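Visitor: I am new to this structure and would like a close look at a single part of it. Could you show it to me first?

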Amino acid sequence: MSAFFLKRALQAFVAVLGVITLIFFLQRLAGDPVLLLVPQNATQADIEAMRTSLGFDRPLAVQYFDYLSGLIMFDFGRSYVQNVPVWTLILSRLPYTLMLAGGALLVAFGVGIPLGVAMAVRRGRPEAKAMMGFVLAGQSMPTFWSAILMIIVFAVWLGWLPPSGARSWSSLIMPSIALGLLSMATFARVARTAVLDELEKDYVRTGHAKGLPMHRIVARHLLRNAAIPVVTVAALEIANLLAGAVIVETVFAWPGLGQLTVQAINARDFMLVQGVVLLGAVTAIVLNLVADLLYSIIDPRIRLEGNA
Amino acid sequence: MKTVSRPFRSFLAGIVLACSPLVLQPAQAKDQFVVDLTNEPSSLDPQKQWNPDSYYVYRNIFDNLLTRDDAGKIVPQIATEWSYRSDTEVTFKIRDDVKFHDGTPLTAKDVAFSINRIINPAFASPQLGQFNKIVSAEATGDHEVTIKTDGAYPVLLAQLVKLSIVPQQVVEAKGDDAFNAAPIGSGPYKFVSWQKGVAVALERNDDYWGEKGVFPTVEFRAVPDAATRVANLQAGTTDLAVGLDTDLAAQLESSANAKTLSVLTERIGYVKLNPNLPPFDDKRVRQAVAEAIDKQTIVDGLLGGVDKPATQMAMPAHFGYVEGIKNYDYNPEDAKKLITEAGAAGKQVGFATAPAFDQRIVQAVAQMLTNAGLKVDIEMTDMATYLKRAQSAPASQAAISFGRWSCACQDVDGVLFPLLHSSSSWASGSSPEIDKLLDEARNTLDEKVRLEAYRKVSTHVAEDVPLVPLYQAAIIYGAAKNLEWQPTANESLFLNRMKWQD
Amino acid sequence: MVSSSAAVVRPLKARRLPWTVVPFLAILAGLVLMAIFAPLVSPVDPNAQNLLARLKAPGFSSRGIVYYLGTDELGRDVLSRIIYGARVSLLVAFASVALSGVFGSTLGMVAAFYRGWVETVLMRLVDIVLSVPAILLAIITVAVLGPSLTNVVIVLALTRWPRYARVAYGQTLSVANMPYVRLSRFMGAGWFRLLSRHILPNIAGGLIVVATLEFGLMVLFEAGLSFLGLGVQPPTSSWGAMLSTGRNYVGTAWWIATFPGVALFLLVLAINLIGDHMRDRLDPRSR
């Protein structure tokens, strides 16, 4: 197991390096930030001077190795737009992203999974159909639309919640729901599918024959088996969440990393974008690694990295 | 279960720690004035950046050498009077009763330091280009500063309106980074804190030498989405919001908590043509474009009649605005005729734009040109790509592009020179006579000579149509119902000029 | 547990459709037909502006034209724009699902089937693509390639194919180990025959479930791209763009967003319901 782990860790390192390099060069294809930093009536001379002072006149390879050597010392560069080190900007936004992701996962997981299981177990009954309707409705609206509807109803008309910002716990509620809604539907449907698959299996019938109550069967045996597809989806959904967070953070003015990323990309703030992508890459790759590990633990029949 | 508890506990602890920013926020004080900006300031050091969101905030922390009153006239601020020793030398007398927020007095040394800092190429200020005609600034007395320029510079005073005074001792002692994180100025509001991404908090300077502010504390927040800014106003959680258009403003008409305030600004909306690319190398087609666009309907229909159609790339408040420039009248049939005559009917042209511009106007113009016979493809890219293309070599610029121009100087030199002079990266063509006229006008202090040169340039623009000036833009703010404030044309958010109605 | 190597997909007509699915099939069919026959069905040109008749309520009529669903912020007919918008939403969703599905599934199948370094390289590639933020990819693609419908499809396909790859990979791993597959391999069957005859039919069900989930998602993502200014270029109407613009008019001209929103909602709902039903059909028993 440890050889497998080491191998995967090495591959993960290479993958992260690949992402950084890809992003480094890809970004620069789309222009540099200088034109956005100078006033409209700056002359060619002004623009070139700015370019030189930011180091963009050096050959790309030089800039790349400069960046890499900085990374080794944990120096992630400075933001061209805000003139502060990248890591301070990321650190200032990270708590908000974690809070939003936590809230959304709570909504998605905490509502979605039980809903999915319930729908599968009570299949064919009217309440399952109603739950299915609710789940599908949540999956049929774009995030920015459900967001603005919530703001209008709960903040402007009813005044129960603050319309935007990150002032207090109450401002976390609507963004979490908006972000978690899509994922909740996915989790519910995948859980339902997985449980339905398991329900057909022999051990369930055996359990019934032995007189075990349904909820015991579900809790003790079924959920563990149904976990594989859910785990696969969970890793992907977390990535989805972080991507969908961009829209939620923009609409609710929630100061998370998603908003920061979009603004950084639009401003061509290369160092900041690279910092965020690096963080995201490490997170995603680690999550995938964990998912794969769980995969092999849950189903020992699937031997990863091995001979068939 | 024992093996789970420790990592689980630390996981919980991590979550609680991560949530602490929410808990540690002070409750919103009742007498706090909240302003919604589109983006948070990029930096509060007045010389480190050039964007409106930063300007809105730091303009209240710092005083400038000169300022404009509500009518747009240049009036003293830190400088009380000035006199020209020669064409290239100006002496300013400085106030003697100004103190920085840390209590130290503002002297001529600080003024000279501020100017020298911004024109120092090593400092790499993005604003350098606006001040680089200044050669040096010297404190020639305790309250006197002498500025030397490189040749006659008629726009000097207009540019000095944008120069903020920073305290020499503080900047030199703390360094640029620390100063940026905790700026100290002499303005009506003091910097308190900046929670990155969330808000900048200011508090009133009770020792201010000039008109003191009414609000004890002010908070600037970044709310990128316009619909959310409107919702904030309607819910009463925000007192002032920037960046609304007429349709959004209409939503506030029936609101109990908010209203709109607007004013005509320096910005001119225009459509720029590229005479290097067919079909715009044919003057008839350019003339057709000018005749195909119904400026009045755009202004009345889309802009609520608040903005005004433009006859030239200037507004009456600009120096260099000339009366009586004749444009081609709106004549869609003639436009169609000209385009068919020039063989340009059905030709595909790309129309470059960016999300920051009013897309309704872009679509309206595109449709008008399509009705006249051209096939217009709107190409909306982000701002960085748009700027890159607009300032690239003339042959690779877009055939048509939409833009809004403001030099923040109320002088036509800041508009016509970058758009038309062949040395500028924005120019699409070059004409030696236009170059000569523009150079002449910017290097003399004689107002009559300048006006005559600009008259010739604007007439040429109206006749040859390298660009079509569309409208003079208004800026619309959303404000709390009982806020009393006259917005200014140069889009400065002077907090100390606002107050509550009784 | 052992399925025959013959195709597993039963024709839908073989059984009666439950009454809950029929109306949504009808809706989907209706929307597709509306999209195909847009020029015939649409009352007016969707791009015809009338700046003096902006933001008029449904039922407004002027100069002999009745605007059944009102006019938008440039005086264009909302109904016509919805009809033409169906084309964009359906085309974008279908093309991106097809592109990403075929590409991703193939990659995943190959990786799981061949194991070894092929598997390593492909699955790490999946990791890399998954860790690049979709937004970044979208903005850069549009900045470099220019904005257009084709590029929207490319962006969506680029960001979604790893999902198919992962699912195909996981499922192929299970199937490839089965005795009859290993037997066929041992007996020298070519890779194409193996993949298409033995693997694909068994994992098709799972992949189709993913594809139907994704179809609805792609319609929504196109709306998200329009919200961020990266979608189809105006004046082409897409439901997502109309929804995005309509947010600014909720109080004054609710019809601009509501009707496209309902259309979008019905489309995605129909797809999801039908997809669910197909899953039930294709895979009534667990493997």
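Visitor: Please take me to the contact between chain A and chain B: how many residues does the contact take from each chain? I would be glad if you could then lead me outward from there.

Guide: Happy to, and please keep in mind that this is a predicted model. The contact draws 54 residues from chain A and 50 residues from chain B. On the side of chain A that touches chain B, six helices each supply at least two residues: α2 (34-37), α3 (44-53), α5 (86-121), α7 (143-157), α10 (214-252) and α11 (257-266). Of these, α5(A) gives the most, with eight residues. Sorted by class, this side of chain A has 32 nonpolar, 18 polar and four charged residues.

Let us step back to chain A as a whole. Chain A has twelve helices and zero strands, so reading along the sequence gives the pattern α-α-α-α-α-α-α-α-α-α-α-α. Its C-alpha atoms fill a box of roughly 85 × 60 × 30 Å, taken along the principal axes. Chain A has 308 residues, and 50% of them count as buried. Among the contacts in chain A with a separation of 6 or more, 72% are between residues 24 or more positions apart.

Now look at the inside. The largest nonpolar core has 336 residues, and those with the most contacts inside it are A:Ala147, B:Val289 and B:Leu416. Once again α5(A) is worth finding, as the largest share of this core, 17 residues, comes from that helix. For a close-up, try A:Ala147: leaving out residues up to four places away in sequence, it touches A:Ala178, A:Val248, A:Val251 and A:Phe252.

Another of those core residues, B:Leu416, takes us over to chain B. B:Leu416 is one of the buried residues of α15(B), together with B:Asp413, B:Gly414, B:Val415, B:Phe417, B:Pro418, B:Leu419 and B:Leu420. Helix α15 covers residues 413-420 of chain B and is mostly covered, with eight of its eight residues buried. What do these buried residues pack against? Their partners are β16 (400-405), α16 (432-442), α17 (447-464) and β17 (467-480) of chain B.

Follow the chain out of α15(B) and you come to B:Ser424, which sits in the loop between α15 and α16 of chain B. B:Ser424 has 18 C-beta neighbours inside 10 Å, so this residue counts as partly exposed; being buried would take 20 or more. Apart from its neighbours within four places in sequence, B:Ser424 is in contact with A:Thr43, B:Phe417 and B:Pro418, and so we are back at a place where chain B meets chain A. Look also for B:Gln391: it lies 33 residues from B:Ser424 along the chain, while their C-alpha atoms are separated by 8.4 Å.

Elsewhere in chain B there is a sheet to visit. Four strands form this open sheet in the order β4-β5-β7-β6, and the pairing is antiparallel. At its edges stand β4 (79-86) and β6 (134-141) of chain B; each has a single partner strand, so one side of each is left without a neighbour in the sheet. From one strand to the next, the twist averages 20 degrees. Helix α3 (residues 108-119) of chain B packs on the sheet, where it touches β5 (89-94), β6 and β7 of chain B, and its direction makes about 170 degrees with that of β6(B).

The strand pairs can be followed residue by residue. Starting from one edge, β4(B) and β5(B) form a hairpin with two residues between them, and they pair in the antiparallel sense over six bridges. In this pair, B:Glu81 has B:Lys93 in β5(B) as its bridge partner. At the other edge, β6(B) pairs with β7 (residues 144-149) of chain B in the antiparallel sense, over six bridges. Here B:Ser136 stands opposite B:Lys148 in β7(B).

One last stop is the contact between chain B and chain C, which takes 22 residues from chain B and 21 residues from chain C. On the chain B side, α8 (226-235), α9 (246-251), α11 (295-302), α13 (359-371) and β15 (375-380) each supply at least two residues. The largest share, six residues, comes from α13(B). By class, this side of chain B divides into ten nonpolar, eight polar and four charged residues.

Technical notes
Residues are numbered from 1 along each chain as its sequence is written. Chains are lettered from A and ligands numbered from 1 in the order in which they are written. This is a predicted model: local features need pLDDT of at least 70, side-chain atom pairs count only at pLDDT 80 or more; totals for chains, interfaces and linings use all residues. Two residues are in contact if their C-beta atoms, placed from the backbone, lie within 7 Å. Ala, Val, Leu, Ile, Met, Phe, Trp, Tyr, Cys and Pro count as nonpolar, Asp, Glu, Lys and Arg as charged, and the others, Gly among them, as polar. A nonpolar core is a set of buried Ala, Val, Leu, Ile, Met, Phe, Trp, Tyr and Cys residues joined through C-beta atoms within 7 Å. A residue is buried if 20 or more other C-beta atoms lie within 10 Å of its own, exposed if 12 or fewer, and partly exposed in between; C-beta atoms are placed from the backbone. Two strands pair if DSSP finds at least two bridges between them. Axes are lines fitted to C-alpha atoms, for helices over the stretch in contact, and angles run from 0 to 180 degrees between N-to-C directions.
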